[in-house]
Amino acid sequence: VCSRISAHLELTVEGGAAGVSDRGPWRERNADAMALVTAGEWTVGVVCDGVSMAPRAERAAQIAAAGGAALAARLREGPVPGGPGRADRAGDIAPACTWVAGVAGPEGLWAGWAGDSRAYWLPDEGPGMTLTVDASTRPSPLGSAPSGPTGARIRSHRPQVPGRLLPCTDGLWRCLPTAEELRSVLTGTRSSGDGLLAEARAPTGYTLEAGGHDDVTALLIPVPAAVPRRRP
């Protein structure tokens, strides 16, 4: 399911993943877009942010977010994310928006991105971490590799404990830039009957109440502890 131009939008899918997007108090339209798709035991989440200087930036973000369905189709075919011949095409989408995709399942999690939208790993136990690297900073040496003409990168992680994968736009991370700050805002929401939707509302609401002027979007995808990949 992809977002349309809306002041406020919430998404949930089977398996518990949820997302919240808000245009904020100063924007005429929401240039962010998001998508959530399930494929068996896998969940795919995509977040895009239209480049403000580009025409119809919100449309570019919506089209790019639709790539979640293509990622889900590949997962249904069998290969895990980042396999041979797969990762090099993940970022070849509209140039007028940033793009971050998160894929989580029984064999771990993968994050692919182009631009300054981010993804975070928030484990139930132990320190969290930022999985992505902004285009303006040095590439990460931990599993990131250039991929395609857009400069998209991919990073994988096989966690030993369960947690959450959080892809978001810069409207969120500029207010809450670290994994620990994000997790502190999520604390106290897990007792809600709305599950991950309540958790996704927490950082977006915090950002808007703190005076954020940009549109803001966050997804939360549940991640199980990874199991070893079965060999033929």
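Colleague: Let's start with W42: is this residue buried or exposed?
Modeller: Keep in mind that this is a predicted model, where local features need pLDDT of at least 70 and side-chain atom pairs count only at pLDDT 80 or more, while totals for chains, interfaces and linings use all residues. Residues are numbered from 1 along each chain as its sequence is written, and side-chain values use heavy atoms, with hydrogens and water left out. Buried means under 20% relative accessible area, exposed over 50%, and partly exposed in between (1.4 Å probe, protein chains only). W42 has 10% relative accessibility, so W42 counts as buried.

Colleague: What kind of aromatic pair do W42 and W110 make?
Modeller: Rings of Phe, Tyr and Trp (its six-membered ring) pair if their centres lie within 6.5 Å; planes under 30 degrees apart count as stacked, over 60 as edge-to-face and the rest as tilted. A search of the whole structure turns up one aromatic pair. The ring centres of W42 and W110 are 5.8 Å apart and the planes make 55°, so the pair is tilted.

Colleague: How many residues apart are W42 and W110 along the chain?
Modeller: Helices (H or I, at least four residues) and strands (E, at least two) are DSSP runs, numbered from the N terminus. W42 sits in strand β4 (residues 42–50) and W110 in strand β6 (residues 108–114). The pair therefore links distant parts of the chain, with W42 and W110 separated by 68 residues.

Colleague: And what is the relative accessible area of W110?
Modeller: W110 falls under the 20% cut-off for buried residues. W110 is buried because its relative accessible area is 6%.

Colleague: Which strands are at the edges of the six-stranded sheet?
Modeller: Two strands pair if DSSP finds at least two bridges between them. This open sheet has the order β1-β2-β12-β11-β7-β8, with antiparallel pairing. Edge strands pair on one side only, and here they are β1 and β8 (129–130).

Colleague: Which residue in the turn between β1 and β2 has a positive phi?
Modeller: Strand β1 (residues 8–12) and strand β2 (residues 18–22) pair antiparallel over five bridges. Across that pairing, E10 stands opposite V20, and T12 stands opposite A18. The two strands form a hairpin with five residues between them, and the turn residue with a positive phi, about 105°, is G15.

Colleague: How many residues of β11 are buried?
Modeller: β11 runs antiparallel to β7, joined by six bridges, and pairs in the antiparallel sense with β12 over four. As examples, L122 has R164 in β11 as its bridge partner, and G163 is partnered by V223 in β12. β11 is largely enclosed by the rest of the structure, because the buried count is six of the six residues.

Colleague: Which helix packs on that sheet?
Modeller: Contact means heavy atoms within 4.5 Å. Axes are lines fitted to C-alpha atoms, for helices over the stretch in contact, and angles run from 0 to 180 degrees between N-to-C directions. The helix touches β7 (118–123), β8, β11 (163–168) and β12 (216–223), and its direction makes about 60° with that of β7. Its name and range are α4 (residues 179–186).

Colleague: Where is T207, and which helix holds it?
Modeller: T207 is buried, since its relative accessible area is 2%. Beyond residues up to four places away in sequence, T207 touches G171, L172, C175, L176, G212 and V216. The helix that holds T207 is α5 (residues 196–209).

Colleague: What separates the C-alpha atoms of G68 and V47?
Modeller: G68 is in helix α2 (residues 67–77) and counts as buried at 1% relative accessibility. Leaving aside neighbours within four places in sequence, G68 contacts V37, V44 and V46. V47 is 21 residues from G68 along the chain, and their C-alpha atoms are separated by 9.3 Å.

Colleague: Which cysteine has the sulfur nearest to that of C48?
Modeller: A disulfide is a pair of cysteine sulfur atoms within 2.5 Å, and the structure holds zero of them. C48 is buried, with a relative accessible area of 0%. The nearest cysteine sulfur to C48 is 4.6 Å away and belongs to C97.
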